[in-house]
Amino acid sequence: MRITRANLGKLVRELAAFGSTIVAPRSQGGYTDFAPILSLDDADLSRVNTRRSIKQFFFPASEPILAFSVSGKDVTLEQADPPKPAKTVILGSRPCDAASLPVMDKVFAWDYNDKFYLDRRAATTVVSISCTDCDECCFCTGLGLAPDSTQGSDILLTPLSENEYLVEACSDKGRELAEAHKGLFDKGEGDKAAACKRATAKLPKPMDLAKIKTWLDAHFEDSLWKDISLKCLGCGCCTFICPTCHCFDIVDEPSGDRGVRRKNWDSCQFAQFTLHASGHNPRADRAARWRQRIMHKFKYYVDRFGPRSCVGCGRCIRECPVQMDLKDQLRRIENLQG
Amino acid sequence: MSDAAQNELRARARELLEAGRVDAVLGYAEGTIAGRTTPVLARKPDEADKLVLNRQCVNNLTVYLNRPEIKKIGKMAIVAKPADIKAIFVLIQENQVAPDSVEIIGVTTVPECSVLPQRTHKELLDYLVKNVLPTELDADDLAEVAKLDAMTPDQRWAYWQEQYAKCIRCYACRQVCPLCYCARCIVEKNRPQWVETSPHERGNLAWNITRAFHLAGRCVGCGECERACPMGIPLMKLNRKLAREVRDSFHGYVAGYACEGDPVLAGYRPDDPNDFFE
């Protein structure tokens with residue numbers, strides 16, 4: 001299938017008319033982030049990637065999980081069920097962001113079904129756009145993905161020209177959307193590889209992920225951790241803009257005799273993250289905390305679920321104030337023996 | 001021109017390491033991403049050749065001086081631009097860095113790259129007072145502040161609410177700031193939780209305003225917080241506003257131009273008239 005840019009604009013209007021919230025990359029104040037759009041003209045689909053990932057639409061930075069009130073010794077729960085999420089279409093996510101969704105799905109429906117995440121997931125359709133370009137921080141190809149990967153997307157659009165996209169419906173949700181608006185789509189094929197060749201040419205070679213995993217299995221203790229983490233300042237920027245970092249904190253925020261319990265993004269890079277009530281901190285220094293970030297993505301998650309919990313979007317590299325370079329560190333590990 | 005300055009920097013670093021005057025030189029090296037530099041430690045004389053000096057040397061490296069992992073290494077020489085040198089002076093003034101524990105290799109990157117000939121803290125201080133203080137809070141900075149001042153309180157409130165709404169509480173602003181050195185930040189104190197950790201309106205406002213207050217009369221204007229902020233919040237606007245307020249209210253005091261004496265908002269004098277409260 002194909003769709004013209006004009007018809008993509010009509011699709012946005014039709015989806016909005018049917019009551020969907022549409023979010024897309026928007027450039028404002030010098031950076032690009034996802035925000036609601038009413039017209040395709042509001043979107044900026046030209047950027048390599050957005051500052052934040054699409055994680056925010058499934059797992060927001062902060063959300064109330066219940067409200068309570070206290071009267072004497074009685075506590076009453078006022079709202080314990082998540083509100084029904086709005087029907088949402090994400091337009092213009094990159095294939096790396098889309099590929100983060102299957103990674104996150106495993107975590108949020110593992111030993112406990114996180115209704116907050118899963119309800120939003122069910123209510124959201126992901127229409128990604130293949131990358132025709134990339135920057136030096138991108139490394140999806142290092143991890144077995146590609147600028148035109150379909151993982152996690154309901155529909156993948158690949159720009160064939162300025163005015164037309166190749167359309168791949170990759171899931172039932174995507175096929176339903178295409179069927180519901182079929183007047184806007186044309187029959188036709190397209191050359192995905194040709195469309196993405198500029199990006200593909202610049203992206204790194206695949207890494208030997210099995211070798212990296214083997215090294216990590218045997219090197220919980222290693223001087224490498226101290227070495228590569230020495231310049232890390234311990235902010236949470238990398239983890240918060242990461243599409244697959246999913247740790248959260250639960251806090252109660254009381255006000256008088258009422259209160260709200262919230263679920264907030266948290267970061268393994270914060271000193272307080274593992275601080276015990278006793279005062280002991282099992283991850284006492286930067287080296288232990290940075291090791292955790294790499295181990296979690298390339299060993300612990302792999303041990304439990306199979307794939308890696310990194311999609312190579314490069315955000316952590318792009319935004320790190322001291323240029324911690326995960327891609328470079330993985331290459332280093334790949335080249336280590338034993 | 002900049003190659004000459006870079007060579008001079010490397011020679012200075014090599015000299016310090018060869019003479020055993022420092023255990024390491026904290027400077028900038030080419031990063032793995034083109035067009036960017038990254039903090040680096042040169043520990044042996046030969047490693048001085050890793051150091052670079054160019055306009056991409058943006059970090060304020062003085063933030064590392066109080067890191068436990070860095071302190072363990074020993075005596076440091078640090079490559080420092082004018083604002084970074086001021087940060088060191090505030091750290092000395094606030095008893096966070098021992099004056100003789102750090103050698104400063106003063107450099108500039110604008111308008112062009114150079115290694116300052118001044119070597120002792122005293123010489124560098126004189127240089128700053130003579131050459132940098134007169135341009136402190138320059139016209140551009142003040143124009144931004146004037147725009148905020150021209151707003152009505154309601155407009156200003158709306159402006160900051162909109163900016164702080166973007167905050168995701170990653171604390172990059174705090175972690176890159178050499179003057180945010182508290183071992184346990186107030187936002188991490190949870191009995192009681194003085195500042196809500198949630199990135200909602202109340203929490204973000206409390207966090208950002210508290211941080212700006214804590215930097216009033218101390219911020220040296222290096223701009224690292226704004227550079228590091230992944231959400232593009234113009235944090236320096238408020239810092240500059242407060243720097244101007246301090247300058248205008250406390251006999252022209254500007255942070256970073258003294259190694260001794262009380263910090264302007266942290267001193268106590270028994271003979272202080274305290275006539276602003278009855």
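Here is a chat between a biologist and a modeller about a predicted model with chains A and B.

Biologist: Before we start, what pLDDT do local features need in this predicted model?
Modeller: Residues are numbered from 1 along each chain as its sequence is written, and chains are lettered from A and ligands numbered from 1 in the order in which they are written. This is a predicted model in which totals for chains, interfaces and linings use all residues, side-chain atom pairs count only at pLDDT 80 or more, and local features need pLDDT of at least 70.

Biologist: Let's take the sheet in chain A with the order β1-β9-β8-β7-β6-β2-β3; which strands stand at its edges?
Modeller: Strands here are DSSP runs of E with at least two residues, helices are runs of H or I with at least four, and both are numbered from the N terminus. Two strands pair if DSSP finds at least two bridges between them. This open sheet has seven strands and mixed pairing. Two strands have a single partner strand each, so one side of each is left without a neighbour in the sheet: β1 (2–4) and β3 (31–36) of chain A.

Biologist: Inside that sheet, which residue of β6(A) does A:Thr21 stand opposite?
Modeller: Look at β2 (residues 21–28) and β6 (residues 88–93) of chain A, which run parallel and are joined by three bridges. Opposite A:Thr21, in β6(A), stands A:Thr88.

Biologist: And helix α1 (residues 5–17) of chain A, at about what angle does it run to β1(A)?
Modeller: Axes are lines fitted to C-alpha atoms, for helices over the stretch in contact, and angles run from 0 to 180 degrees between N-to-C directions. Helix α1 of chain A lies across β1, β2, β6 and β9 (164–169) of chain A. Its angle to β1(A) is about 90°.

Biologist: Why do α7(A) and α12(A) count as roughly perpendicular, and which residues of α12(A) make the contact?
Modeller: Helix α7 (residues 209–218) and helix α12 (residues 326–334) of chain A pack at about 80°, with axes 8 Å apart. Angles of 65 to 115 degrees count as roughly perpendicular, under 35 as roughly parallel, over 145 as roughly antiparallel and the rest as oblique, so these two are roughly perpendicular to each other. Two residues are in contact if their C-beta atoms, placed from the backbone, lie within 7 Å. On the α7(A) side we find A:Lys211, A:Ile212 and A:Trp215, and on the α12(A) side A:Leu330, A:Ile333 and A:Glu334.

Biologist: Helix α7 of chain A also meets α10(A); how many charged residues has that contact?
Modeller: The axes of α7(A) and α10 (residues 286–305) of chain A come within 10 Å and cross at roughly 85°, so the two are roughly perpendicular. A:Ile212, A:Lys213, A:Leu216 and A:Asp217 meet A:Met295, A:Phe298, A:Lys299 and A:Val302. Ala, Val, Leu, Ile, Met, Phe, Trp, Tyr, Cys and Pro count as nonpolar, Asp, Glu, Lys and Arg as charged, and the others, Gly among them, as polar. That gives five nonpolar, no polar and, for charged residues, three.

Biologist: Is A:Asp97 buried or exposed?
Modeller: This residue lies in helix α2 (residues 95–108) of chain A and touches A:Ser53, A:Ile54, A:Pro243 and A:Cys313, leaving out residues up to four places away in sequence. A residue is buried if 20 or more other C-beta atoms lie within 10 Å of its own, exposed if 12 or fewer, and partly exposed in between, with C-beta atoms placed from the backbone. A:Asp97 has 26 such neighbours within 10 Å, so A:Asp97 is buried.

Biologist: Over in chain B, which residue of β2(B) is the bridge partner of B:Tyr28?
Modeller: Strand β1 (residues 24–30) of chain B is mostly covered, with five of its seven residues buried. β1(B) pairs with β3 (residues 76–80) of chain B in the parallel sense over three bridges, and with β2 (residues 37–42) of chain B in the antiparallel sense over six. In β2(B), the partner of B:Tyr28 is B:Pro39.

Biologist: Last one: how many residues of chain B are in contact with chain A?
Modeller: Chain A brings 32 residues to this contact, and among the elements giving two or more of them are α9 (237–241) and β10 (248–255) of chain A. By class, chain A's side has 14 nonpolar, eight polar and 10 charged residues. From chain B, the number in contact is 27.
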